[in-house]
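Here are some questions and answers on the terms used for a protein model. Each answer sets a value against its definition.

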Amino acid sequence: MRAMVFDRYGEPDVMHLKDVPVPEPQDGEVLIRVGYSGVNPADSKTRSGATRAHYRYVNFPLVTGMDAAGVVERTGPNVTDFRQGDRVITWGSPDGKTSGSYAEFVRASVRNVFPMPKSLNFAQAAAVPIASLTAFQSLFHAEKGGMIPGQKVLIHGAAGGVGSFAVQFAKSGGLLVAATCRTANVAYVSSLGADRVIDYRTEDVCQAVRDWSPGEQLGGGNQKEFARVLQNGYSG
């Protein structure tokens, strides 16, 4: 199969197309024929070597890529939830032990494979996994999120990949949402359901948050603490 690989860490020019063996699905895995592969910031960090300390088993050439949408080609032993021809999405980490998605086929654990939403095409679905998972866990992870209906949350970068999912998840979970974005994206973020859209190009973000949630806690923290973080660290 053709795959985008790199043989050493470095700048983007270390990546090149190469014919590599089709990975064989192992116990509890499926082999997916990739329709589209998603692109994440972590992919460039893997290629540059910024994450090498986390992966001890990397063998070059390495196929990178985390997100993909495609069709199940075949299954490994003990896989009962999927069969050949199923349209699916998947995410994973190309840590040297599993294959990446910048290829014609990707091998993935069934824990990281889900049916592809019928309302999406392959190109759209490939952009869903990592961004949506990050947003959902940030809001509702039992240990690190755990927000409950009626609480307020402030979402920065609400027009971005993670942010746009976060606004929609928050609203569907019964939260009240303030969201920041630039002027060009105000209408879009409003259409996602945000209760208060803050244009950081034209508004004082700290004051807007204070006005929206006077004297209350926001996202589990003291209002004054959040205002100070915004004032000192907000960069838009």
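Q: Which residues of α4 are called buried?
A: The buried residues of α4 are Gly 163, Ser 164, Ala 166, Val 167 and Ala 170. Buried means under 20% relative accessible area, with exposed over 50% and partly exposed in between (1.4 Å probe, protein chains only). This is a predicted model, in which local features need pLDDT of at least 70, side-chain atom pairs count only at pLDDT 80 or more, and totals for chains, interfaces and linings use all residues. Residues are numbered from 1 along each chain as its sequence is written, and side-chain values use heavy atoms, with hydrogens and water left out.

Q: What puts these residues on the same side of α4?
A: They cover an arc of only 160° around the axis, so they lie on the same side of α4. The arc is that of the directions from the helix axis to the C-beta atoms.

Q: What covers the buried residues of α4?
A: The cover includes α3 (129-140), β9 (152-155), β10 (176-181) and α5 (186-191). Contact means heavy atoms within 4.5 Å.

Q: Why is α4 called a helix?
A: A helix is a DSSP run of H or I with at least four residues, and a strand is a run of E with at least two, numbered from the N terminus. Helix α4 (residues 161-172) has 12 residues, so α4 meets the length in that definition.

Q: Why do β5 and β6 count as paired?
A: Two strands pair if DSSP finds at least two bridges between them. Strands β5 (residues 67-75) and β6 (residues 87-91) have five bridges in the antiparallel sense, so they qualify. Ala 68 stands opposite Thr 90 in β6.

Methods: Expected span 1.5 Å × (residues − 1).
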